[in-house]
Amino acid sequence: MAGIYIHIPFCKSKCTYCDFASFPKEIGKMESYFACLYREIEGWGKKLTNKVFDTVYIGGGTPSIAPPNYISGVIKQIKKYYTLSDNPEITIEINPGTLNKEKVDAYKKAGINRFSIGLQTGYDEQLKRLNRIHTAKDFLLCTNMLKGENISADILIGLHEQTLEQVKKSIDLAIAGGVSHISMYALTPEVGTPIYTDYLNGELLSDDETADIYDGAREYLKEKGFDRYEVSNFAKQGYESKHNLNYWKRGEYIGLGVSASSFIDNRRFTNTSVIDEYMNAIIFNKVPEVSSETVEGTDAEFEFIMLALRTKYGIDTEVFKKNFNKDFETEYKKQLDKKEKYLEKIGNSIKIKDEYLYVQNDIILEFMKNTGDTNE
Amino acid sequence: MSTDKNKIRNFCIVAHIDHGKSTLADRLMEMTGQVSERDMEEQLLDSMDLERERGITIKLTPVRMFYKAKDGIEYTFNLIDTPGHVDFTYEVSRSLKACEGAILIVDATQGVQAQTMANAYLAIDNDLEIMPVINKMDLASANPEATQEEIENILGIEASNAPRISAKSGLNIQDVLEGIVKNIPAPSGDENAPLKALIFDSYYDNFKGVICFVRIKDGTVKVGDRITTFMSSKEFTVTEVGVFSPKMQPTPTLSAGEVGYIAASIKSIEDTAVGDTITNADRKASEPLPGYKKALPMVFSGVFPLDGSKFNDLQDALLKLKLNDAALSIEPDNSAALGFGFRCGFLGLLHMDVIQERIEREFDLDIITTAPSVSYNVYKTDGTKLVVENPTHLPPVTEIDYMEEPIINASIFTPPDYVGPIMELCQFKRGVYKDMIYLDKTRVQLKYTLPLNEIIYDFFDQLKSRTKGYASLDYEIAGYERSDLVKLDMLLNGDICDALSIIVHKDKAYERGRQIAERLKDVIPRQMFEIPIQAAVGGKIIARETVKAYRKDVLAKCYGGDVTRKKKLLEKQKEGKKKMRSIGSVEIPSEAFIEILKTDSDNN
C-alpha cells in the first residue's frame, strides 16, 4: 500500500479554527503554484518508479476552489509519472460553497471517485461563527450534484454551546446527502487561530461535554449503520477511506505541494509551509523540505503501535512480526500486562477496547520506550 | 597585645521580632566606624539571603567595634546578634552566655511584646545587666512614655534613663554607645589561668576546618597552642585566632574577656560541640564552663528529594547544615510514596521552614516535605512505651493502651479588642484557659495551655488574621498530657498513602480528613479510571471525594502530516509521567504532593 497526497493551499477565506497551510490572500498565485506542483509531481514520479500507489488524496485548503482543469491536470500528471494500482481511490476535498456542475464533470472524468465534503455542522449560525463560506443548504445542493458517488462529510464537535441534538441533526443532514462515510472531529483549538481566544475564555465545550457528545453521536452513527473504524472516522461497510487507512498502517506516501508530508523508505519529511519558498525551491530545482527524519528501531515500532491503536483493527501481530522481525507479545509483555484492562485480543489483532478508544493517550504512552531503555 | 579587660564590653541585643535589632546593630557599627556608610549593606549582620529577605536573624553573628567614649578612653565592643523568634530561644541563650550585658530594644509604637518578655527573662536568668532602649522614635505613633511604663511595670526593669532612639534615622545612638560603657560591666577572668573558651557557635570552612566562635573566659590562646576540649579527648594545634570586624580578621592572640574565633584544622564538628569548653592540652582547666541545655527538636517532618536520585545530595546538605545547627536532628526515613529520605526534627516551625529553604537555596535541591508532626508517647497494652515522631510508625490501634501528646504553655500578648477572637481560636485548638492579665490599657496577656500539634497546624496564621497581626505569641514546652489521638490515613483508590498520614485528636479527624481529601481532589490529575479519595481512621472511612476518570485524552486527527507532531506530544506527556509518584495504581505529580503537604501556617 502506498498513497499520494496533493496539497492545494488556497481558500476563499480562512475558517476560525484552521491552522492548515491555506492562504486566501495568495489566490493570485494559483497558476504558478500549479505549475510548480506539476513539476514536483514529475520530479518525485521519476524517483519512485518502483512503487505502486493505490490512493490519491487532493486536500487543502480548498481544492475545489481551483479551476477544474487544474485538478484534472494534477491527476493527469500523476497518471503519467506514477504507477497506480487497478481502481485507485482518488479523493478530493470539497467546500460546499464552491462546487458546480462543470467541476463535478471534470473531476469524474479525471477519475476522481471519492468526494470529501466539509459540512462541519448543519446549523447556519454555527457555520457563520466558524467563518465558513457556505450554508447547510449548500451542502445538499452539493450532494445533489454528486448523487450516486462515494461521498464523505466532515462534522465538528465541541463548538460553542453545541448540543448532542444538534450534532445528531447534522449527522441526519449528512445522511440525507447520501454520504457513506463521516469524519467526526473534536475541535482542537490551535494556538494562533481566532478560535483559540474563545477557548481561552472558556467559550468552547469542555472536554467532558465534548466527550458526552462524542459518545452520544457515536451511538447514533452506529444505529445509522456507520461503524467507527478510527478515533474520528465512521463508515458504512466497505466505505472506509483507503488513503487514510494507509497512514494508520504506517504505509508509505508521498506528499506533494506546500506543507505536504511524506513517508518514504523509512524517512519522514515535510515541505515548507511558505508558498513562495516552496515555489522558489521548485523553480530552482532545490528541495522544498524543511524537516527530515529517518525513523528506525523502537521509534518505528512505536509509530506502528500508536497509529494502529487508533483503529478498530488494532495491532496486527503478524504484520508486526513481518515489519520488525519480532514477536509483539513477547517484546511488549510488560506493557500489555499493565494495560491489560484496556486492551483486547481478537485473532491476530490487539486493540484498545471500544470504550477506551477516546482516552487512548495514556495506553499508547505505555508502549513508548524511554531513550536509553533496554528491553527488560 | 591583648586588650585591657576593663576596656571590653561584651553584649547582645535582644528584642521582639521586628523591633529593630539588626538596624541598631548596623547603626552601632556605622557610628563606631566599623563600616563606612558607603560600604554598608542594609542590615549587615543578617548575611544569609534568607535572613535579609524575611527580616529575621537566624544565626548568631558576632562583631567587634571600637568606640572612643566621652571619658577619652577607647573601648572594644563585642556585639553578638541574636535571633528574635520563639523557635530560636536556644540560640539566644547561647549568645547570652558569651556576654555580660544585653540591650533590650522595645518598639515605641508597639510596646512590650511576647518575645520582649521571653528574651528579657532569659537575659535576667543568665545574670546579664539589662539596658533598655526605646526604638522607633521617628514614627509618628511612637509613645515613649507608655513604652517606658510597660518596661517598668511588665518587666520590672528601670527604664527612666532608657535612650529614646531611632535606629533607622540614627537619633540618639550616641546615648546607646555611652550607655554600653556605663551600664554594662567589663568582663572578669584571668588571662594567666588555664584556657577556658566557651564555644557558642561554629561552622565548617572548606579550607580551615571547623571555625569555633568563642568567648574567652580565662587564659590566652595563640597560633601554635595545643588545645583540647572537655567533651573530646582529641588534641589540635591552633592555626588561626581572630576577631570579627565583622568579617573574620586574624589577630596574634585572644585572651580573657575577648570574643573571637579559633581555627585548628578540626575536621569533624563532633570534636567541638557548641557549648563545649576549649582548654589547653598541656595545662587543662580544672572544670568546664557551664554549657548549654541541649535543645530538643519539637517538630518533625519527612524531607525527601523531589528527584529520587538526589538522595545522597540531600544527605550531604543535611549533614552540612547540622554542623552548625545542633538542634537539627536527622534520621533516615523511607516512604512507599516518596522513596528514600529523612525524618528531621526541628525546634519549631520557623526553624523547619528555614532549614527547608536553605536546602533548596544553598544546595540547589528540590525537596518534598511531609506535614509537620510532633513526638508522641505511646503506651502499649503490653506495658511498653514508644516515642513516635512519624505517624507511619504508630502501632495498630489494638496494641495501644493510651497516648500522650506534648503540651505548651502559651503566652499571647494582644490589644484588648482581640481577646474574644483569640479565646475562640484557643478553644478551637483545644486550649485550656489559664489566666488573663491586663498589663495596661492597651495590652492584655492571655495564658493558655495548648497541644503543640495544634500550634504546628495553622495556628500562627489564624492568630495573625484574627488580630490583624497585632497579637504576639511565645511558648514553652510544658510536658506531656494524655490525649485521645488517632491516626488519620488518606487512601487513594484504596491504597494508603503513607506520606499523607497524620496523627490528630479524635475530634479533629473528620474536619482534617475532609480538608485533605478536598485538596487532593484538586491536585490529582484525572486518570484512566475513577479515583476514590478516602480519609480513614482505623478501618472507618470518614470522608470521601472522587477524581473522575477522564473522558477525552486523544489526538482528534492523526494523518500523514501529524505523526511526528503527535509523537512529540506523547514524548512530552511521557516526560511528565516520569516525574510522577505512584501510590498504588494512582499517579501523582511531585508538584501536587508539595501542594498537598504545604502547611497552611505562615511560620513567623
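Start in chain A by selecting A:P68, A:N69, A:I71, A:S72 and A:I75 in helix 2, then add A:E102, A:K103, A:A106, A:Y107, A:K109 and A:A110 in helix 3; these two groups meet each other. By class, the residues of this contact are six nonpolar, two polar and three charged. Keep in mind throughout the tour that this is a predicted model.

Now show the whole of both helices, residues 68-81 for helix 2 of chain A and residues 101-110 for helix 3 of chain A. Their axes come within 9 Å and cross at roughly 10°. Helix 2 of chain A and helix 3 of chain A are therefore roughly parallel to each other.

**The two domains of chain A**

Next, give residues 2-246 of chain A one colour for domain 1, and residues 297-366 of chain A another for domain 2. Between the centres of domain 1 and domain 2 of chain A, taken over C-alpha atoms, lie 29 Å. Where they touch, six residues of domain 1 of chain A are in contact with five residues of domain 2 of chain A.

Which elements of chain A should you select on the domain 1 side of this contact, counting those that give two or more residues? They are helix 8 (207-223) and strand 7 (227-230) of chain A. Strand 7 of chain A gives the most, with three residues. The domain 1 side of this contact in chain A has four nonpolar, no polar and two charged residues.

**Where chain A touches chain B**

Bring chain B into view. The contact between the chains takes 31 residues from chain A and 20 residues from chain B. Several elements of chain A each supply at least two residues to this side, among them helix 8, strand 6 (181-186), helix 11 (297-308) and helix 15 (361-366). By class, the side of chain A that touches chain B has 15 nonpolar, nine polar and seven charged residues.

**Chain B as a whole**

Hide chain A for a moment and look at chain B, whose secondary structure comes to 14 helices and 32 strands. Along its principal axes, the C-alpha trace of chain B spans about 90 × 65 × 60 Å. For 604 residues, a compact globule would have a radius of gyration near 25 Å, and the 27 Å of chain B agrees with that.

**An open sheet in chain B**

Select the eight strands of chain B that form an open sheet in the order 10-9-15-6-7-14-11-12, with antiparallel pairing. Strand 10 (235-237) and strand 12 (248-250) of chain B stand at the edges with a single partner strand each, so one side of each is left without a neighbour in the sheet. Direction ignored, neighbouring strands of this sheet are turned by 40° against each other on average.

At one edge, zoom in on strand 11 (residues 240-244) of chain B, which runs antiparallel to strand 12 of chain B and is joined to it by three bridges. Label B:F244 and its bridge partner in strand 12 of chain B, B:M248.

**A hairpin to finish**

Last, select strand 20 (residues 376-380) and strand 21 (residues 385-388) of chain B, which pair in the antiparallel sense over four bridges. Here B:Y376 stands opposite B:V388. The two strands of chain B form a hairpin with four residues between them, and B:G383 in the turn has a positive phi of about 90°.

What else pairs with strand 20 of chain B? Add strand 22 (residues 400-414) of chain B, which pairs with strand 20 of chain B in the antiparallel sense over four bridges. B:V378 stands opposite B:M403 in strand 22 of chain B.

Notes. Residues are numbered from 1 along each chain as its sequence is written. Chains are lettered from A and ligands numbered from 1 in the order in which they are written. This is a predicted model: local features need pLDDT of at least 70, side-chain atom pairs count only at pLDDT 80 or more; totals for chains, interfaces and linings use all residues. Axes are lines fitted to C-alpha atoms, for helices over the stretch in contact, and angles run from 0 to 180 degrees between N-to-C directions. Angles under 35 degrees count as roughly parallel, over 145 as roughly antiparallel, 65 to 115 as roughly perpendicular and the rest as oblique. Two residues are in contact if their C-beta atoms, placed from the backbone, lie within 7 Å. Ala, Val, Leu, Ile, Met, Phe, Trp, Tyr, Cys and Pro count as nonpolar, Asp, Glu, Lys and Arg as charged, and the others, Gly among them, as polar. Domain bounds come from an automatic or database domain assignment. Two strands pair if DSSP finds at least two bridges between them. The radius of gyration is taken over C-alpha atoms; the globule rule is 2.2 Å times the number of residues to the power 0.38.
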